[in-house]
Amino acid sequence: MLVPGDPALADGTAAFNTAWPVRPIAVVAAADEADVAAAVRWAAARRLPVAVQATGHGLVAPVEDAVLVTTSRLSHVRVDPVSRTARVGAGVRWAQVIEAAAPHGLAPLNGSTSHVGVAGYTLGGGLGLMARRYGFAADHVRRLRLVTADGAIREVDATTDPELFWAVRGGKGDFGIVTEIEFGLVPVTTLYGGGVYFPGQAAAEVLHAYRQWVETLPEDTTTSVGLLRLPPDPALPEPLRGRFVVHLRYAHLGSAEEGAALLAPMRSAAPRLIDSVGEMPYTAVDSIYMDPTDPMPCHDRGTALSALPAEAVDRLLAVAGPGADVPVAMVDIRHMGGALARPAAVPNAVAGRDAAFSVYALGVLLGPAAGAVPAAVGAVIDAVAPWSSGSLINFLGPADRERVRSLWPEADLARLLAAKRRVDPYGIFTTGHSIG
């Protein structure tokens, strides 16, 4: 246990988004699930709120006057090639699972960067690189081990506690602290994927081509497009350094010939600065998005769209395109549909299945323009509000309780609240995205 004044406290509270203050009463660096249970019992007896952190990527609000349980030391990974499953501790990052699964010809349903943790990503749904083919990561969860507010360690699956199992997969961290997850892997070793960068001046041509092109794609193809304002970082390739660019991300589960034929219309949409798309081992998938991994202070917001008509693209370009002088580092448009729109084999509480696209905006809170970031990011989301159909909780950004609750239909919210009252009647798990 670390308390204020301990030199090691900073390591225990470090998060990817450094904009939010993390000032807990104490940090418990759990070595196993018994430590997690002991910390929860200690906090619950004193009616103290409990927050949890694994890799530090899930912070969306301040953590103050709470007991912070860190699960980064729960780092075991076990792959069963026969059942095509992985069993991992709550502190595991996707990179560890990719490495362990690859020798068996298998891959997990990780997101755009393998640097993030398995637990928070999956409990929030998990929109990955093969999402249109395989659905949300939460759809493939087989079993969970969970410490609830009474300090009990529960093994939860579709048989032992079907209602809690439904709620945790999509309801995120409202119901306890997950210490272990077992989930299915998919038989993927290679894909045809990568990124194509276009000059920012071609943003209108690329985005309008994109919104029409995605309607022609099979479920084996998952894509997104980003408007990026890149810093003058020497680590970036020279054609991208300090520029506004459009980044098409592409992942196709099929032959290189088929993947190239499907991509051809976008390759000809505008002149290309960089084209890295080709056949790659799944272990190299971080190269598709090239997401940053260094901590930074950010402000972000997201929404889901029922459609992406020409008017929506024009509105996005007006507030965040090449002609807009705004401190928005990224606007990310992800194509959904396919398997994402179908219920999981074992139904869960993942919100946003009816969305056609996800839109997410982010600004970095540094420099003289930092104060203008929240309004600029908000303007992006407001621009596409006429087509909004809710949001994905992992892309929601900071949100009050009512906005979090609005993600689910009335009947699903009632089920979530009933599960919450049963396992956390005093509401000790209410930090972050909480239904209360």
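This passage describes selected sheets, a helix packing arrangement and two surface positions in a predicted model.

An open sheet is formed by 5 strands in the order E6-E7-E10-E8-E9, with antiparallel pairing. Its edges are strand E6 (77-80) and strand E9 (153-156), each of which pairs on one side only. On average, and with direction ignored, neighbouring strands of this sheet are turned by 10 degrees against each other. Within the sheet, strand E7 (residues 85-89) and strand E10 (residues 177-184) run antiparallel and are joined by 5 bridges, and Thr-85 has Gly-184 in E10 as its bridge partner. Helix H3 (residues 94-101) lies across E6, E7 and E10, and runs at about 35 degrees to E6, so that the account of this region includes both an edge strand, E6, and the bridged strands E7 and E10.

A further set of pairings involves strand E18 (residues 357-364), which is mostly covered, 7 of its 8 residues being buried. Strand E16 (residues 298-305) pairs with E18 in the antiparallel sense over 8 bridges, and in this pairing the bridge partner of Leu-305 is Phe-357 in E18. Strand E17 (residues 330-335) also runs antiparallel to E18, to which it is joined by 6 bridges; here Met-330 stands opposite Leu-362 in E18. In general, the strands of a sheet pair through backbone hydrogen bonds, in either a parallel or an antiparallel arrangement.

At the surface, Met-1, Val-3 and Trp-42 make a nonpolar patch of about 300 Å². Val-3 is located in the segment before helix H1 (9-13), and its relative accessible area of 39% places it in the partly exposed class, because that class lies between the limit of under 20% for buried residues and that of over 50% for exposed ones.

Gly-242 is found in the loop between strand E12 (221-229) and strand E13 (244-252). With a relative accessibility of 47%, Gly-242 is likewise counted as partly exposed, since this value does not exceed the 50% above which a residue would be called exposed. When its neighbours within four places in sequence are left aside, Gly-242 is in contact with Leu-230, Pro-231 and Pro-232. Gly-242 and Arg-73, for their part, are separated by 169 residues in sequence and by 38 Å in space, taken from C-alpha to C-alpha.

Terms used. Residues are numbered from 1 along each chain as its sequence is written. This is a predicted model: local features need pLDDT of at least 70, side-chain atom pairs count only at pLDDT 80 or more; totals for chains, interfaces and linings use all residues. Side-chain values use heavy atoms; hydrogens and water are left out. Patches are made of residues with over 30% relative accessible area and no salt bridge: like charges are joined within 9 Å, nonpolar side chains (Val, Leu, Ile, Met, Phe, Trp, Tyr) within 5 Å. Accessible areas come from the Shrake-Rupley method with a 1.4 Å probe; for residues, only the protein chains shown count as cover. A salt bridge is a side-chain nitrogen of Lys or Arg within 4 Å of a carboxyl oxygen of Asp or Glu. Helices (H or I, at least four residues) and strands (E, at least two) are DSSP runs, numbered from the N terminus. Buried means under 20% relative accessible area, exposed over 50%, partly exposed in between (1.4 Å probe, protein chains only). Contact means heavy atoms within 4.5 Å. Two strands pair if DSSP finds at least two bridges between them. Axes are lines fitted to C-alpha atoms, for helices over the stretch in contact, and angles run from 0 to 180 degrees between N-to-C directions.
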